[in-house]
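The following exercises concern a predicted model. Please work through each task before reading its solution.

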Amino acid sequence: DAHAAVVGLPLAVDRIDACRTGRRFPRTTVVFNHAPVSSKNPDLFARVMTRVLPHHDVAVLITRDFAPWQPGGEAIGALAARFPEQVLLGRDMPLDEYYEALWAADLQVSTATHESLGVSTLEAMYTGNCCVLPRVGSYPEICDGHPDVLYEPGEGPLEERLRWFLEHPEHRRAVASELQRMAARFHPRAVVEKIAAEVRDVTFGGP
């Protein structure tokens, strides 16, 4: 540990920036950009959105493909069938379309039970989304412990946070701007500067 330094993992900002457009989704849009695996807890997300969608003019974008036999597949499929005009199924969107959609969206939600870094969340932060994250794993670190972003794991706290942001768009946009600034720490330039500083320290004993 004495010889280790945290420098961060660089985001593919050149490609993300190249996909930026002025297009916005017609509805306030919540992105769920996680894989169909049990550790991402997609069933919990589907249960919460089943309660939120009838009361808010909001859309949900599921970026990955959820087959019926995969974790969350039946729940996501039922959500889309019940709210066909509000649920958009990306079915493993091509990367450029995915990044363009992130720029056009408003919120990102995670229901993960553990997270080693959270690249999909960092991508959402970088593209100006307000993220709603469980207080687990690396999430408190990458959002600097933001009290409005983090929720205690569970359906009730997630629903409360999500409804708050949907009902307070100015606050949502302010938090999104704060998260976007935090994501700049993962710009390749910033990461390379940290690596160079550590190399100089090891080689020359300082700057």
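**Exercise 1. The sheet**

Within β6, Leu-150 is the bridge partner of Leu-133.

Task: Determine how many bridges join β5 to β6, and which strands stand at the edges of the sheet.

Solution. Step 1: Strand β5 (residues 130–134) is joined to β6 by 2 bridges, and these two strands run parallel. Step 2: The open sheet consists of 6 strands with parallel pairing, in the order β3-β2-β1-β4-β5-β6. Step 3: β3 (87–89) and β6 (150–151) stand at the edges; each has a single partner strand, so one side of each is left without a neighbour in the sheet.

**Exercise 2. Helices across the sheet**

Task: State at what angle α5 runs to β5, and at what angle α8 does.

Solution. Step 1: Helix α5 (residues 119–126) lies across β4 (107–109) and β5, and runs at about 155 degrees to β5. Step 2: Helix α8 lies across β1, β4 and β5, at about 80 degrees to β5. Step 3: Helix α8 (residues 169–183) also gives the most to the lining of the largest pocket, with 5 residues.

**Exercise 3. Pro-36**

Task: Decide whether Pro-36 is buried or exposed, and identify its contacts beyond four places in sequence.

Solution. Step 1: Pro-36 is placed in the loop between β1 (28–32) and α2 (42–52). Step 2: Buried means under 20% relative accessible area; Pro-36 has 11% and is therefore buried. Step 3: Beyond its neighbours within four places in sequence, Pro-36 is in contact with Arg-64, Asp-65, Phe-66, Gln-70 and Pro-71. Step 4: The C-alpha atoms of Pro-36 and Gly-73 are separated by 7.2 Å, although these residues are 37 residues apart along the chain.

Definitions and conventions
Residues numbered from 1 in each chain as written. Predicted model: local features only at pLDDT ≥ 70, side-chain atom pairs only at ≥ 80, totals over all residues. Heavy atoms only, no water. Helix = DSSP H or I, 4+ residues; strand = E, 2+ residues; numbered from the N terminus. Buried < 20%, exposed > 50% of the residue type's maximum accessible area, 1.4 Å probe, protein only. Contact = heavy atoms within 4.5 Å. Pairing = 2+ DSSP bridges. Axes fitted to C-alpha atoms, helices over the stretch in contact; angles between N-to-C directions.
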